[in-house]
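Me: I have a structure open here and would like to talk it through. Could we start with how the strands are put together?

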Amino acid sequence: SGTTRSLASVFFTDSQTGWAVGDSGTILNTTNGGTTWQLQTSGTSNALGSVYFTDNQTGWAVGEAGIIIHTADGGATWQWQYLGMISGFNAVYFTDSQTGWVVGSAGYMLKTTDGGANWQPQNSGTTHSLYDIQFTDSQTGWAVGNAGTILKTSNGGMSWQLQPSAITESLYAVHFVDGQTGWMVSWVNIIAKSSDGGTNWQ
């Protein structure tokens, strides 16, 4: 990969073009399907925990100290968009080039509708740390986190509902392929599936 630093997240926009982020502000880019990786200058030494691109040019990375950085040129340059006063952001997700969310410590959540020029707090309804967020369209999304926390929104994040499950372990990733079918995972070998939009998990 060209680095000895720990890496936390990877994102590809097509079969050839992708980015990986990790400790000490590390950002790597490949344009040949991962055969080789090049370091990019992130402008931060903060650990980065998540990266997301909406096309080959436009992307965001988030990490500790509540940092959000943005590129409009495929990572040739990265600009700071936000530096919060929390322990950190853990995940970033965009539904298009303008609309996106980040989640982090203590249930902290932000939304942008202008490509990250402005970020507004959203009330997640929890104080548990959130580790991942994903939307299937501009209105319907899920976030997961500590102590088995599962949240769902059907109105673009204006409000979030806690979804019940028997899982009490921390959840670190969630992915839905449509508005009904999705999976989530924890550190302790748990994979749960929902076929009804998260109402029930098995």
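Reply: One term first: two strands count as paired if DSSP finds at least two bridges between them. With that in hand, this predicted model has an open sheet of four strands in the order β5-β6-β7-β8, and the pairing is antiparallel. The edge strands are β5 and β8 (79-83), each of which pairs on one side only, and from one strand to the next the twist averages 20°.

Me: What secondary structure does the chain have overall, in helices and strands?
Reply: The protein chain has 19 strands and zero helices.

Me: Back to that sheet, how many bridges join β5 to β6?
Reply: Strand β5 (residues 48-53) and β6 run antiparallel and are joined by five bridges, with Val 51 standing opposite Ala 61 in β6. The connection between β5 and β6 is a hairpin that passes through five residues.

Me: And what about β6 with strand β7?
Reply: β6 and strand β7 (residues 67-71) also pair in the antiparallel sense, over five bridges, and Gly 63 has Ile 67 in β7 as its bridge partner. The hairpin of β6 and β7 has three residues between the strands, and in this hairpin Ala 65 takes a positive phi near 65°.

Me: Then how many bridges join β7 to β8?
Reply: Four bridges join β7 to β8, which run antiparallel, and there His 70 stands opposite Gln 79 in β8.

Me: Is β6 buried or exposed, and which residues sit on each face?
Reply: Both faces of β6 are covered, since the list of buried residues has Gly 59, Ala 61 and Gly 63 on one side and Trp 60 and Val 62 on the other. Five of the five residues of β6 (residues 59-63) are buried, so the strand is largely enclosed by the rest of the structure.

Me: Changing topic, how many residues are in the largest nonpolar core, and which have the most contacts inside it?
Reply: The largest nonpolar core has 32 residues, and those with the most contacts inside it are Ile 68, Val 102 and Ile 133. The elements that give two or more residues to this core are β2 (18-22), β5, β6, β7, β9 (89-94), β10 (100-104), β11 (109-112) and β13 (130-135). The largest share, five residues, comes from β9. Apart from this core lies another, of 10 residues, among them Ile 167, Leu 171, Val 174 and Met 184.

Me: Which residues does Ile 133 touch?
Reply: Leaving aside residues up to four places away in sequence, Ile 133 touches Ala 91, Tyr 93, Trp 101, Val 103, Met 109, Trp 142, Ala 143, Trp 160 and Val 174.

Me: Why expect such grouping at all?
Reply: As a general matter, nonpolar side chains tend to be buried together in soluble globular proteins.

Me: Last topic, the whole chain: what radius of gyration does it have against a compact globule?
Reply: With 202 residues a compact globule would have a radius of gyration near 17 Å, and the protein chain has 16 Å, which agrees. Along its principal axes the C-alpha trace spans about 45 × 35 × 25 Å.

Me: And what do burial, contacts and surface come to?
Reply: Buried residues make up 50% of the 202 residues in the protein chain. Among contacts between residues at least 6 apart in sequence, 31% join residues at least 24 apart. As for surface, the protein chain exposes about 9100 Å², of which carbon and sulfur atoms supply 50%.

Conventions. Residues are numbered from 1 along each chain as its sequence is written. This is a predicted model: local features need pLDDT of at least 70, side-chain atom pairs count only at pLDDT 80 or more; totals for chains, interfaces and linings use all residues. Side-chain values use heavy atoms; hydrogens and water are left out. Buried means under 20% relative accessible area, exposed over 50%, partly exposed in between (1.4 Å probe, protein chains only). Axes are lines fitted to C-alpha atoms, for helices over the stretch in contact, and angles run from 0 to 180 degrees between N-to-C directions. A nonpolar core is a set of buried Ala, Val, Leu, Ile, Met, Phe, Trp, Tyr and Cys residues joined through side-chain atoms within 4.5 Å. Contact means heavy atoms within 4.5 Å. The radius of gyration is taken over C-alpha atoms; the globule rule is 2.2 Å times the number of residues to the power 0.38. Accessible areas come from the Shrake-Rupley method with a 1.4 Å probe; for residues, only the protein chains shown count as cover.
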